[in-house]
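Colleague: Got a minute to walk me through this one? I'd like to start with the overall picture and then poke at a few residues.

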Amino acid sequence: MAYQTKMLFRTSLQDIGDMSGHGSYCSSPDMIVHSLVKNPQSEFGANYDKDPNEKVDTSSRANTIYTRVKSMQESSGATTGYIRLYRASMSLFMNTDQWKNNKLRTSDGKEYVIVTSTENGEIAVGDGVLVVDGTKPHFCMVGIVNDSEQETLPNRFSSYDDFVMWVHSERCVAVRNFSLQNSGQKYDYESLYYFTNPESRARLGTILVEASGLPKRTVFGLVNKDIGMDKWTEFDPDNPAKRQVTDSAFLEEGFDGYVKIYARLPQGQVWPASASLVTTFWISAEEKEKMLQFARPVHQVLLNRNAFESLDRSDGNGRLVKVGFCETLYI
């Protein structure tokens, strides 16, 4: 009745299971929305170095999700894992209470799929598929691999530090955001991302939006005027400082709110394939916090000098830790 520590559920294609690489939120290639395939083990075992995820069909109540893990066992022998997936709203801080009551199930009602391996390095694909209702608007997923049929969940996190350490230290925990959009469309983009401060004190938080592949002069930005966030720019592929927008604010104790991310195409333009908007949520780390080991200097995160020079560096020496990540990708 615990996590299955002998299996790796990746957070990105680059994840090899160590703490430094595990934990890059919302890009797990091991939760795969995909049309039904004849031999899942052959199909998804052979393309482990790729992310074969397909777009959620928003008209279907039965989108199928395949799962896979890599064995990290030290000795030969049958090792079993039980994979559960949980659905959450579009969130930049995936605290437990947002997803624990939203378990996905298989078509026959089971709340997990089983993976089995016998050797280190073996790729194991789930023995069934989990189903997600595409008519509901939220496609953020949390995945946990357990070592038994018994569900294992973390308590609600009361600090960013505890959450970040959980995500990085548990190789059998991963998160994915299934936000894929059709290219060739002319509509403007808007999305609301939920974020909170679980702590009993104010914390300095930063929202960063990074754009790539957009048409030149696309206006994109972020806004939550209640907390003083409101920044935008015009995308310029030749100017790195015009490929990101950021703003910071002190989040009061118990803060609970949303940030709107938007992009407006120039007249006559459409969304090109591979265009992307990546939104990340960062917290200014303090010297006493364990998560400081995953921090990056402000100037490595933010390209706009005015943005990073305005941050209060008194506690964490100008170092930021990524707490949440969501990407919208056009295909």
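**A loop, a core and a few strands**

Modeller: Sure, let's begin in a loop: Arg 217 lies between strand E13 (203-212) and E14. Keep in mind that this is a predicted model.

Colleague: What's the phi of Arg 217 like?

Modeller: Positive, about 75°, although Arg 217 is not a glycine. Most residues other than glycine have a negative phi.

Colleague: And is Arg 217 buried or exposed?

Modeller: Exposed, because its relative accessibility is 52% and the cut-off for exposed is over 50%.

Colleague: Which other residue has a positive phi without being a glycine?

Modeller: Ser 274 does, at about 80°. Ser 274 sits in the loop between strand E17 (256-264) and strand E18 (276-284), and its 54% relative accessibility makes Ser 274 count as exposed too.

Colleague: While we're there, where does Gln 269 lie?

Modeller: Gln 269 is in the loop between E17 and E18. At 37% relative accessibility, Gln 269 counts as partly exposed.

Colleague: What is Gln 269 in contact with, skipping neighbours within four places in sequence?

Modeller: Gln 185, Lys 186 and Pro 215. Asp 49, on the other hand, is 34 Å from Gln 269, C-alpha to C-alpha, with their positions 220 residues apart in sequence.

Colleague: OK, zooming out. How many helices and strands does the protein chain have?

Modeller: Four helices and 20 strands.

Colleague: How does the radius of gyration compare with that of a compact globule?

Modeller: It agrees: a compact globule of 331 residues would have a radius of gyration near 20 Å, and the protein chain has 20 Å. Along the principal axes, the C-alpha atoms fill a box of roughly 55 × 50 × 30 Å.

Colleague: What percentage of the residues is buried?

Modeller: 55% of the 331 residues. As for the outside, the protein chain exposes about 14,600 Å², with carbon and sulfur atoms supplying 44% of that area.

Colleague: And the charges, how far apart are the mean positions of the positive and negative ones?

Modeller: 4 Å, taking the 36 positive and 42 negative charges of the protein chain.

Colleague: Back to the inside. How many residues are in the largest nonpolar core?

Modeller: 78, and the ones with the most contacts inside that core are Phe 163, Trp 166, Ile 207, Phe 220 and Phe 281. The largest share of this core comes from H2, which gives six residues.

Colleague: How covered is helix H2, then?

Modeller: Mostly: eight of the 10 residues in H2 (residues 160-169) are buried. Among them are Phe 163, Val 164, Met 165, Trp 166 and Val 167, and the buried set of H2 also includes Asp 161 and His 168.

Colleague: You mentioned Ile 207. Which strand has it?

Modeller: E13. Ile 207 has 0% relative accessibility, so it counts as buried.

Colleague: What does Ile 207 contact, apart from its neighbours within four places in sequence?

Modeller: Quite a list, including Leu 92, Phe 195, Leu 222, Met 229, Val 259 and Phe 281. Thr 246 is also a contact of Ile 207; these two are 39 residues apart along the chain, yet their C-alpha atoms are separated by 5.6 Å.

Colleague: Let's follow Leu 222. Where does Leu 222 lie?

Modeller: In strand E14 (residues 219-224). Leu 222 counts as buried because its relative accessibility is 0%.

Colleague: Which residues does Leu 222 touch, not counting those up to four places away?

Modeller: Among them are Ile 207, Val 209, Met 229, Val 245, Val 259 and Ile 261. Val 209 is 13 residues from Leu 222 in sequence, and their C-alpha atoms are 7.5 Å apart.

Colleague: How common are contacts between residues at least 24 apart in the protein chain?

Modeller: They make up 77% of the contacts between residues at least 6 apart in sequence.

Colleague: Last one: is Tyr 82 buried or exposed?

Modeller: Tyr 82 is buried, with a relative accessible area of 14%, and it lies in strand E4 (residues 79-88). Setting aside neighbours within four places in sequence, its contacts include Tyr 112, Val 113, Ile 114, Ile 144 and Val 145. Asp 161 is 79 residues from Tyr 82 along the chain, and their C-alpha atoms are separated by 27 Å.

Notes: Residues numbered from 1 in each chain as written. Predicted model: local features only at pLDDT ≥ 70, side-chain atom pairs only at ≥ 80, totals over all residues. Heavy atoms only, no water. Helix = DSSP H or I, 4+ residues; strand = E, 2+ residues; numbered from the N terminus. Rg over C-alpha atoms; globule rule 2.2 N^0.38 Å. Buried < 20%, exposed > 50% of the residue type's maximum accessible area, 1.4 Å probe, protein only. Contact = heavy atoms within 4.5 Å. Areas by Shrake-Rupley, 256 points an atom, 1.4 Å probe, with all protein chains shown as cover. Lys, Arg positive; Asp, Glu negative; His and termini not counted. Charge placed at Lys NZ, Arg CZ, Asp CG, Glu CD. Core = buried A, V, L, I, M, F, W, Y, C linked by side-chain atoms within 4.5 Å.
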